[in-house]
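Work through the exercises below with the model open. Each task is followed by its solution.

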Amino acid sequence: LVTMSLAQEEESAFSAEEPVLITSAGQSADVLMVKILSDKAGISYKFEKTASTEVLDSVRSVIIVTGGSSKGLGAAAIDKAEELKRVEQLIGKAKEMELPVIVVHVGGKSRRGELSDYFNKPVAESADYLVVVKEGDHDSFFSDIADVNKIGIQLPERINDIQNILKEIYEKD
C-alpha cells in the first residue's frame with residue numbers, strides 16, 4: 001500500500017521518457033537495486049555509477065539513487081566532495097537540457113545519517129520527482145524537502161513497490 005496526500009496523487013501523473021541514465025549519489029550498493037527494479041519494469045537505461053555529463057546526450061531522463069557508502073566511495077576512488085561535485089554537475093547539465101531528474105532513495109534508515117544525508121539533501125532539493133521508501137522518511141526529511149521545493153514525492157512501503165512506480169513514470173503496462 002502506497003499512501004499519498006492529495007498533492008502527491010496529483011503529482012503521480014509525473015512522467016519521463018526512456019532511455020534513462022541510472023547513476024549513484026554516494027556510491028552505495030542501492031543503485032544496483034534500482035537497476036534490477038528497472039529491468040523488471042522493462043525500462044531501457046544506461047547504468048553508470050559514476051556517470052559524467054557526456055552520457056546525458058544519449059538519454060531522455062535521469063534517475064539518481066542517493067545514499068552514501070564509504071566503502072563504495074573508496075572502491076570508486078572518489079572522496080565525498082568529488083562525488084557531490086560530479087552529481088551537481090550532472091544535475092546542472094540535465095536541467096540545462098530539460099531532462100527530468102528523479103531521485104530515488106531505497107536504503108531506509110540505514111542510508112540516512114551524516115554521510116548519506118550529505119548527498120540526500122542537495123540532490124533531493126534539485127529533483128523533479130522523489131521516490132523514497134517510507135522508512136527512509138521516518139523523520140519527514142524527504143517530505144519536508146518535497147514540500148518546501150514543491151516536488152512530487154511517492155513514499156512506497158517496500159523497495160519492490162518502486163517497480164510499479166517506475167512503470168507508471170515510464171508509462172509501461
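**Exercise 1.** In this predicted model, find how β3 and strand β4 (residues 101-105) pair, and over how many bridges.

*Solution.* Start with the direction: β3 and β4 pair in the parallel sense. Then take the bridges: there are four. For one register point, go to V62, whose bridge partner in β4 is V101.

**Exercise 2.** Repeat this for strand β1 (residues 20-25) and β3.

*Solution.* β1 and β3 also run parallel. Their pairing covers six bridges. To fix the register, use A25: its bridge partner in β3 is T66.

**Exercise 3.** Why is strand β3 (residues 61-66) largely enclosed by the rest of the structure?

*Solution.* First apply the cut-off: buried means under 20% relative accessible area. Six of the six residues of β3 are buried, so the strand is largely enclosed by the rest of the structure. Next sort the residues by direction. S61, I63 and V65 point one way, while V62, I64 and T66 point the other way. Both sets are buried.

**Exercise 4.** Place V62, I64 and I63 in the nonpolar cores.

*Solution.* Begin with the largest core, which has 31 residues. V62 and I64 are among the members that touch the most others, along with L21, L56, V123, L130 and I153. Elements giving two or more residues include β1, β3 and β4. α4 gives the largest share, five residues. Now list the contacts of V62 beyond four places in sequence: V20, L21, L56, A94, P100, V101 and I102. I63 belongs elsewhere: it is in another core of 22 residues, lying apart, with A16, L37 and L166 among its members.

Note on methods. Residues are numbered from 1 along each chain as its sequence is written. This is a predicted model: local features need pLDDT of at least 70, side-chain atom pairs count only at pLDDT 80 or more; totals for chains, interfaces and linings use all residues. Side-chain values use heavy atoms; hydrogens and water are left out. Buried means under 20% relative accessible area, exposed over 50%, partly exposed in between (1.4 Å probe, protein chains only). Two strands pair if DSSP finds at least two bridges between them. A nonpolar core is a set of buried Ala, Val, Leu, Ile, Met, Phe, Trp, Tyr and Cys residues joined through side-chain atoms within 4.5 Å. Contact means heavy atoms within 4.5 Å.
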